[in-house]
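Reader: I'd like a close look at one part of this model, namely how its helices pack. Take your time and walk me through it.

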Amino acid sequence: MRSLGWLRLPLALCLLFLYLPIAVLVVMSFNGGRSAFAMDGISLRWYAELAGDSELLTALGNSLVVAAGATVLAVVLGTTLAVGLTRYTRSSSLDAYAMAPAIMPDLVLAIGLLAFYSLISMTLGLVSVMLAHAVFGMAFVVAVVRARLVQVDPALEEASRDLGAGAFTTFRRVTLPNIAPAVVAGALLTFTLSLDEFVIAFFTNGPTTPTLPISIYSMVRFGVTPEINALATVLLLVSFTVVIASARLSRRTEATDE
């Protein structure tokens, strides 16, 4: 361990490079002046203006609708796929296909989905973005739920079927209660990723229903304002809260198993 001591300084500088701009953004969101880079007193002014910005609130509503719908679809499909791959079908090819949306670049996935929507003549809007985010988030649900399923003793399900329960009853009464924390963790991750995702939404959305990241991008092109800093701080807080909740659920599951 002592031989790795020389790594501490580069690691500290790397963490400083990554997190110092975020800390500056949070501090500047409480700026009392109009400059996004020069502090002029401390105020909640920009949070109040953010709450009264109808365009941003509409975009936030669109993002919440998309994230909620994508989460439901991703959880249902991802959980079903995880159970199938773990309990019924062992295939490295199917495993690769299931994880592909999370591994391939967002740009490739976005262009592929746009080409598919054009092929079937689907109108771009919130529904198209919701489906695209569901495909993207499903891979994360599969990964989280499969990690939990590996720890569940298959003998419990076999005993349920031996006692006369059908496949659906066994899943509802035995499998689902055991994997519920992982399902919730996957749902929280999918919701957060959908809320923050920009590239896929940019390619698969229509011109009249912008999501929040697209609206922020449109605002940033004309210069960063303290209002954007305030909005980014709120999103950062939401993301941290969801990720911490997901991590605690996973730890609670591991502690219960032990």
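Author: Here's the tour, starting from one residue and moving out to the helices around it. Bear in mind that this is a predicted model, where local features need pLDDT of at least 70 and side-chain atom pairs count only at pLDDT 80 or more, while totals for chains, interfaces and linings use all residues. Residues are numbered from 1 along each chain as its sequence is written, and side-chain values use heavy atoms, with hydrogens and water left out.

Let's start with T175, which sits in helix α8 (residues 167-196); helices here are DSSP runs of H or I, at least four residues, numbered from the N terminus. T175 has a relative accessible area of 4% and is buried (under 20% relative accessible area, 1.4 Å probe, protein chains only). Its side chain makes a polar contact of 3.0 Å with that of E157 (a pair of N or O atoms within 3.5 Å, one able to donate a hydrogen and the other to accept it; residues adjacent in sequence count only if both atoms are side-chain atoms). Neighbours within four places in sequence aside, T175 is in contact with L149, E157 and T170 (heavy atoms within 4.5 Å).

E157 takes us to helix α7, since L156, E157, S160 and R161 of α7 meet T170, V174, T175 and N178 of α8. By class, that contact has 2 nonpolar, 4 polar and 2 charged residues (Ala, Val, Leu, Ile, Met, Phe, Trp, Tyr, Cys and Pro count as nonpolar, Asp, Glu, Lys and Arg as charged, the others, Gly among them, as polar). Helix α7 (residues 154-162) packs on α8 at about 165°, with the axes 10 Å apart (lines fitted to C-alpha atoms over the stretch in contact, with angles from 0 to 180 degrees between N-to-C directions). The two are therefore roughly antiparallel (over 145 degrees).

Now for another helix pair. Helix α4 (residues 92-103) and helix α6 (residues 126-149) pack at about 125°, and their axes are 6 Å apart. That makes α4 oblique to α6 (outside under 35, over 145 and 65 to 115 degrees). On the α4 side, D95, A98, M99, P101 and A102 meet V135, F136, A139, F140, V142, A143 and R146 of α6. This contact has 10 nonpolar, no polar and 2 charged residues.

One last stop: G206, in the loop between α9 (199-204) and α10 (212-220). G206 counts as buried, at 15% relative accessibility. The C-alpha atoms of G206 and G125 are 4.6 Å apart, although 81 residues separate them along the chain.

Terms used. Buried < 20%, exposed > 50% of the residue type's maximum accessible area, 1.4 Å probe, protein only.
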